[in-house]
Amino acid sequence: MKNLGRLTLEAQKDLHIKKQNKHRSKCCIEKNPNKTWDSILFSDYCIFQGDVRNFVRAGNKQEVFDLIVTSPPYNIGKEYEKQIPISSYLQEQEDIINKTIPYLKTGGSVCWQTGNYVVKNEIIPLDIEFATIFKKHNLQLRNRIIWHFGHGLHCQKRFSGRYETILWYTKTKNNIPLHTFNLDAVRIASKYPGKKRFRGPSKGEFSSHPSGKNPEDVWTNIPNVKSNHIEKTIHPCQFPVGLIQRLILALTNEGDIIFDPFSGVSSTGVAAAATKRRYVGCEIVQKYTTIGSKRINEILNGRKTFRDHSLPIYDHTKSPLSKRK
Ligand SMILES: C[S@@+](CC[C@H](N)C(=O)[O-])C[C@H]1O[C@@H](n2cnc3c(N)ncnc32)[C@H](O)[C@@H]1O
């Protein structure tokens, strides 16, 4: 990573913001882990096509990333994974997490989005397992976000699963909360914006924030990516761009650098490009990297190809299908 040494991280960020104002760069795909590290300086959007373990091994453990956000493979037998015993899976994941955390800046954030691992009809909520791994890294858990969505399998022997979770951690020094939290960037519509205070010195004034409310830790307005979703690609397990867009807007600033170790079709990269942040992803399957870079370039070319995190959920009661005739 010799090139990263030439400029300070702050200077790199300034360079990125200046570049963004002049022209938008393109997303590159690299197969050589050393070249990927070098290209972080020159290319604002880069996907390493290969095993994330090779990428993290090739770096020099410099704190470069402002946000590490991902949805790891869940070991449920999707086309890109071979199901292995849960203990081996967790060992593998822990090894990757241990090698990834050193690259997180002090003041930076980690967001790990997971669902349930199902074995012999028993569910194992993966965030419980991952929490014990992250605990060893002395990070601070800021929120356990529940992402509720409306579509999925209809279970016959248990209640149908309709949520996944995001563990949000920060890396601080001496317990001083240095992390970025841009609440104003992610406010959502208040329930009763017209409500006024009815007593006290501010009586008669609106009681809610003029720009809306804190989105809270249960997110219900971001649909999962099913077949008719505008973001759907061939990937069987994409997360919606809006989910990551909200995290990026809240937890990072323009020019910051975001890392997704299991990037799939680069939904994180799309969110990064749409919010003028930089991005590095790692993805082992070539066809996903190709689609990912194409999606990022579409955003850089000014096409909006995703559903914004702030859109309200579709009101299904307005559909003719909501009534049996
Ligand atoms: C749950 S998917 C992530 C999907 C992604 N969030 C998106 O929206 O496209 C996990 C991805 O990790 C990739 N993967 C699994 N093991 C990997 C490894 N060791 N290194 C890099 N990528 C890996 C899989 O091919 C898969 O695309």
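**Stop 1: a glycine in a strand**

Start by selecting Gly 107, which sits in strand 4, residues 104-114. Keep in mind as you look around that this is a predicted model. Is Gly 107 buried, exposed or partly exposed? With 16 C-beta neighbours inside 10 Å, Gly 107 counts as partly exposed, because a residue needs 20 or more to be buried and 12 or fewer to be exposed.

Now add Thr 170 to your selection. Gly 107 and Thr 170 are 63 residues apart in sequence, yet their C-alpha atoms are 6.5 Å apart in space. Which residues is Gly 107 in contact with, once neighbours within four places in sequence are left aside? They are Lys 171, Leu 178 and His 179.

**Stop 2: the whole chain**

Zoom out and switch to a cartoon view. The protein chain has nine helices and 11 strands. Its radius of gyration is 21 Å, close to the 20 Å that the globule rule gives for 325 residues, so the chain is as compact as a globular protein of that length. If you draw a box around the C-alpha atoms along the principal axes, the box comes to roughly 60 × 55 × 45 Å.

Buried residues make up 33% of the 325 residues. Look at the contacts too: among those with a separation of 6 or more, 66% join residues 24 or more positions apart.

**Stop 3: helix 5 and its two faces**

Select residues 86-100, which form helix 5. At 1.5 Å a residue, its 15 residues should span 21 Å, and the end C-alpha atoms are indeed 21 Å apart.

Which residues of helix 5 are buried? Colour Gln 93, Ile 97 and Thr 100, and you have them. These three cover an arc of only 60° around the axis, which puts them on the same side of helix 5.

Next, colour Ser 87, Ser 88 and Gln 91 differently. These exposed residues lie on the face of helix 5 turned away from its buried side. To see what the buried residues pack against, show helix 4 (52-58), strand 3 (65-70) and helix 6 (126-135).

**Stop 4: helix 3, another one-sided helix**

Move to helix 3, residues 33-42, and pick out Pro 33, Thr 36, Trp 37 and Ile 40, which are buried. Around the axis they cover an arc of only 100°, so they are on the same side of helix 3.

**Stop 5: a link between distant parts of the sequence**

Go to helix 2 (residues 9-22) and select Gln 12. Gln 12 counts as buried because 20 C-beta neighbours are inside 10 Å. Add Asp 256: this residue is 244 residues from Gln 12 along the chain, and the two C-alpha atoms are separated by 9.5 Å.

**Stop 6: an isoleucine in strand 7**

Strand 7 covers residues 140-148, and Ile 145 is found there. How many C-beta neighbours does Ile 145 have inside 10 Å? The count is 22, so Ile 145 is buried.

Draw a distance from the C-alpha atom of Ile 145 to that of Thr 165, which is 20 residues away along the chain, and you should read 5.4 Å. Thr 165 is also one of the contacts of Ile 145 beyond four places in sequence, together with Ile 166, Trp 168, Asp 217 and Trp 219.

**Stop 7: two residues with positive phi**

Select Asn 138, in the loop between helix 6 and strand 7. Asn 138 is not a glycine, but it has a positive phi of about 55°. With 10 other C-beta atoms within 10 Å, Asn 138 is exposed.

Then select Ser 266, in the loop between strand 10 (257-260) and helix 8 (267-274). Ser 266 is not a glycine either, and its positive phi is about 60°. Is Ser 266 buried or exposed? Ser 266 is buried, with 29 other C-beta atoms within 10 Å.

**Stop 8: around the ligand**

Finish at the ligand, which has 19 residues around it. Those that come nearest are Tyr 80, Gln 238, Phe 262, Gly 264 and Ser 267. Helix 4 and strand 11 (278-283) are the elements that give two or more residues to this shell. Try colouring the shell by residue type: you should find 11 nonpolar, five polar and three charged residues.

Technical notes: Residues numbered from 1 in each chain as written. Predicted model: local features only at pLDDT ≥ 70, side-chain atom pairs only at ≥ 80, totals over all residues. Helix = DSSP H or I, 4+ residues; strand = E, 2+ residues; numbered from the N terminus. Expected span 1.5 Å × (residues − 1). Arc of directions from axis to C-beta. Contact = placed C-beta atoms within 7 Å. Rg over C-alpha atoms; globule rule 2.2 N^0.38 Å. Near = placed C-beta within 6 Å. Nonpolar A, V, L, I, M, F, W, Y, C, P; charged D, E, K, R; others polar.
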